Amino acid sequence: MTDGSRIADTTAVRARFGARAPVLMETTLLRRRAVDKLGELGPVSDWLFTDEALQQATAAPVALHRAGRLAAAGAVVHDATCSVGTELAALHGSGVRALGSDIDPVRLAMARHNVGSRVDLCRADALRPVTRDTVVVVDPARRRGGRRQFSPEDYQPGLGALFDTYRGRDLVVKCAPGIDFEQVGRLGFEGEIEVTSYRGSVREACLWSAGLAEPGVRRRASVLDRGEQLTDAEPDDCPVAPVGRWIVDPDGAVVRSGLVRHYGARHGLWQLDPDIAYLSGDELPPEVRGFEVLEQLDFDERRLRRALAAADCGAVEILVRGVSVDPDALRRRLRLAGGRSLSVVITRLGTGPAGRAIAYVCRASR
């Protein structure tokens, strides 16, 4: 079933297994995809999936991170939308006593195959509680008819209904990272919102009810690649000053959770502009990729082209915040032909008539 052998293999499988061939081939390919996404949960090469269930499944490092927090809470956990069992496997592997339920009988049967008899399972609607004195974990479906749903009330089940159903109970809800935090608050949520990133990508926003949240914390950024966590309970005394030796583009979890100033304060950095997420400093935080400033100029395509040509630049990475610039289109127009690889950070400094676009020609740390 490689790209080169797909046609011949498909013919052979159909000849041998007839009507079962499509299911066998899909299962084989889904298991291969699952190894990269879920391999840290254990031997998933014999699991059962649907394509949609695998797409919706939380990546193993993110699920294990959540399971670690729940293990520290010491509670029994009920995964009320367990699907094919990804979260249950992470919870069991972290030493958490857990049980699962789902309204879909096919996914529930897959979960029974995947997690075996280690976890109790039952068929139930997430909006009709079947447990008491448990921490309830819910992962609402965020697609309908193949289309992504952005409003939390369009989730299945909707967040408002979930909050009403489990009011007064410990509740954990996985959400899309782009969810409107203010809308969640208007629905009555008063706990902690944790934004998690992995491999440079923001993976999810997770809602932790007040009983599970750290006192005084309403926002948390968790950067799993570096094992770094940041909360809004930390100082945010981050000044605004001209660019230093380095420019730092904070991890997406830090930006999405609104903790850029807190991150700057932790690492001795400062903002270039109070409304822009770029930070600067004379030293880089540990394990963070930064951009060493070689030249600063008012942004103008012709001036930028000349500056890059003078620096013998032939390939350029372009980062933009606060300015309406398409990096890919700009890269094509620059028509570079040198031998060096450089980076350009384009941003706006100031607001209103005093605001101006600035370009920083940089060398990336890695």
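Two strands are said to pair when DSSP finds at least two bridges between them. By that criterion, in this predicted model, strand 7 and strand 9 (residues 201–208) form an antiparallel pair with 4 bridges, and one of the matched positions is Lys-174, whose bridge partner in strand 9 is Cys-206. In general, the strands of a sheet pair through backbone hydrogen bonds, in either a parallel or an antiparallel manner.

Strand 7 also pairs with strand 4 (residues 135–138), here in the parallel sense and over 3 bridges, and within this pairing Val-137 has Val-172 of strand 7 as its bridge partner. Because 5 of the 5 residues of strand 7 (residues 171–175) are buried, this strand is largely enclosed by the rest of the structure. The burial applies to both of its faces, since Leu-171, Val-173 and Cys-175 are buried on one side, while Val-172 and Lys-174 are buried on the other.

The next step is to place strand 7 in its sheet, which is an open one of 9 strands with mixed pairing, arranged in the order 3-2-1-4-7-9-8-10-11. At the edges stand strand 3 (120–123) and strand 11 (228–231), each of which has a single partner strand, so that one side of each is left without a neighbour in the sheet. On average, and with direction ignored, neighbouring strands of this sheet are turned by 20° against each other. Helix 6 (residues 105–115) packs on the sheet, where it touches strand 2 (98–102) and strand 3, and the direction of this helix makes about 170° with that of strand 3. Elsewhere in the order, strand 8 (residues 192–198) is joined to strand 9 by 7 bridges in an antiparallel arrangement, with Val-195 matched to its bridge partner Ala-205 in strand 9.

At the edge strand 11, one residue deserves a separate look, namely Glu-228, which lies in that strand. Is Glu-228 buried or exposed? With a relative accessible area of 13%, Glu-228 falls under the 20% limit and therefore counts as buried. The side chain of Glu-228 makes a polar contact of 3.0 Å with the side chain of Arg-266, and a polar contact of 2.9 Å joins the side chain of Glu-228 to that of His-267. When neighbours within four places in sequence are left aside, the residues in contact with Glu-228 are Ala-221, Ser-222, Val-223, Tyr-263, Arg-266 and His-267.

A further open sheet is formed by 7 strands in the order 13-14-12-15-18-17-16, and its pairing is mixed. Its edge strands are strand 13 (270–271) and strand 16 (313–321), each of which pairs on one side only. Within this sheet, 7 bridges join strand 17 to strand 18 (residues 356–364), the two running antiparallel, and the bridge partner of Arg-348 in strand 18 is Ala-357. Helix 11 (residues 301–310) lies across strand 15 (291–298), strand 16, strand 17 and strand 18, and runs at about 140° to strand 15, whereas helix 12 (residues 327–334) lies across strand 16 and strand 17, at about 150° to strand 16.

Strand 17 (residues 340–349) also contains Ser-341, which counts as exposed because its relative accessibility is 60%. The C-alpha atom of Ser-341 is separated by 32 Å from that of Pro-177, and the two residues are 164 residues apart along the chain.

Definitions and conventions:
Residues are numbered from 1 along each chain as its sequence is written. This is a predicted model: local features need pLDDT of at least 70, side-chain atom pairs count only at pLDDT 80 or more; totals for chains, interfaces and linings use all residues. Side-chain values use heavy atoms; hydrogens and water are left out. Buried means under 20% relative accessible area, exposed over 50%, partly exposed in between (1.4 Å probe, protein chains only). Axes are lines fitted to C-alpha atoms, for helices over the stretch in contact, and angles run from 0 to 180 degrees between N-to-C directions. Contact means heavy atoms within 4.5 Å. A polar contact is a pair of N or O atoms within 3.5 Å; within protein, one must be able to donate a hydrogen and the other to accept it, and residues adjacent in sequence count only if both atoms are side-chain atoms.
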